[in-house]
Amino acid sequence: MRRLRQTEAIRNLVAEVNLTVNDLVAPLFVREDLSEPVPIDSLPGVSQHSQESLIAEVDRLATLGVPGVILFGIPAEKDPEGSESWNPEGVVQVALGNLRQRFGDDIVLMADLCVDEYTSHGHCGIIDAHGRVDNDETLDLYANAAVAQAEAGAHIVAPSGMMDGQVLVIRDALDEAEQTDVSILAYSAKYASAFYGPFRDAVDVTIADGGNRSGYQQDWRNGREALEEIRLDVGEGADMIMVKPAMSYLDIVTRARMELDIPIAAYHVSGEYAMVKAAAANGWIDGDVAALEQLTAIKRAGADFILTYFAGDIAQRLA
Ligand code: PBG
């Protein structure tokens, strides 16, 4: 075996996977009523964008060849239902409209479909009298948000709330609104992870009562359950599925790959990015190489594409 590792040319020849720019999707944050972009401390190199700076950032990414972006919105006003998530004038809907007009079909526009950035309590749905998220009441909100995002210009909606039945309800609502060409990327296997920490700073979310999302996101002790979640979403009409986070869940990516022939995404999340950046800033690791190693490993595990805050950096490196 070692004979095949002796020169870089031979190594390139026999490499099993190569990360390319086509594998990358950049998560982007857009905040209402902002005139200048605001850097996010816990995500070095990532900012909350104004509508204008968002267009400039997408332009930069498109020029580098990044095929897709996924948008997250930070509204000026939050309420218990998260109603800004389906307001046609809401921050993400306005951004989708601007980007679709400017870039047409040249870059894939995805929208994270959840209400946690829009609710005053920070949960991914409506809270019932017992303080729990009401699954079925929440589904109507997701249907509204899906239609608003599709009508604003999203090519793909990505439900991330982990409510049972969400994919079916969203597919029905999209079809009813004659948005039959809009695809669903389901965050099917989404774990209640500590690695989302920096993201909550990025979207100004504090979950009420020091709460967490273990009542609806998955328990990290479980693997089989993730496969069952994925099967349910595929049965409900998901066009693509996602595993999230990525690095601690490569076993799930691989098991999903063995079972499915539809596209599989993995989300290299905020905490995974922040750890690499922090260690690199201390001079403890080579951050660029570590990022390339991690993202390549995600692809090797079986993902077809990766949502990553490194998208711009890596695209530049691979160019
Ligand atoms: C929910 C959502 C979250 C992330 C993506 N979509 C936060 C959560 O579930 O608490 C996290 C992404 C990241 O950490 O990079 N809208």
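**Ligand surroundings and unusual backbone geometry**

A polar side-chain atom of R200 is placed 2.7 Å from an oxygen atom of the ligand in this structure, which is a predicted model. A second contact involves S270, whose side chain has an N or O atom 2.7 Å from an oxygen atom of the ligand, while in the side chain of E117 an N or O atom lies 2.8 Å from a nitrogen atom of the ligand. The ligand, taken alone, exposes 410 Å², and the protein buries 100% of that area. With regard to its location, the ligand sits in the largest cavity, and the elements that contribute two or more residues to the shell around it are strand 7 and helix 6, the latter spanning residues 197–202. In total, 19 residues surround the ligand, and the closest of these are D116, R200, K244, S270 and Y309. When the residues of this shell are divided by character, 9 are nonpolar, 3 are polar and 7 are charged.

The backbone was examined next. Most peptide bonds are trans, and most residues other than glycine have a negative phi. Against this background, the peptide bond that leads from K244 to P245 is cis, with an omega near -10 degrees. P245 belongs to the loop that runs between strand 8 (240–244) and helix 8 (250–259), and K244, on the other side of this cis bond, is listed among the closest residues around the ligand.

Two residues that are not glycine have a positive phi, M162 with a value of about 60 degrees and E178 with a value near 60 degrees. M162 is located in the loop between strand 6 (156–159) and helix 5 (166–176), whereas E178 is found in the loop that connects helix 5 with strand 7 (183–190); helix 5 thus borders both the loop of M162 and the loop of E178. As to their surroundings, M162 has a relative accessible area of 8% and is therefore classed as buried, the limit for this class being under 20%. E178, by contrast, has a relative accessible area of 69% and is therefore classed as exposed, for which the value must be over 50%. A positive phi is accordingly present in a buried residue in the case of M162 and in an exposed residue in the case of E178.

Technical notes
Residues are numbered from 1 along each chain as its sequence is written. This is a predicted model: local features need pLDDT of at least 70, side-chain atom pairs count only at pLDDT 80 or more; totals for chains, interfaces and linings use all residues. Side-chain values use heavy atoms; hydrogens and water are left out. Helices (H or I, at least four residues) and strands (E, at least two) are DSSP runs, numbered from the N terminus. Buried means under 20% relative accessible area, exposed over 50%, partly exposed in between (1.4 Å probe, protein chains only). A residue is near a molecule or strand if one of its heavy atoms lies within 4 Å of it. A polar contact is a pair of N or O atoms within 3.5 Å; within protein, one must be able to donate a hydrogen and the other to accept it, and residues adjacent in sequence count only if both atoms are side-chain atoms. Accessible areas come from the Shrake-Rupley method with a 1.4 Å probe; for residues, only the protein chains shown count as cover. On a 1 Å grid over the protein atoms alone, a cavity is a set of points where a 1.4 Å probe fits but cannot get out, and a pocket is an open set with protein on both sides within 12 Å along at least five of seven lines; lining residues have an atom within 4 Å of a point. A molecule sits in a cavity or pocket if more than half of its atoms lie within 2 Å of its grid points. Ala, Val, Leu, Ile, Met, Phe, Trp, Tyr, Cys and Pro count as nonpolar, Asp, Glu, Lys and Arg as charged, and the others, Gly among them, as polar.
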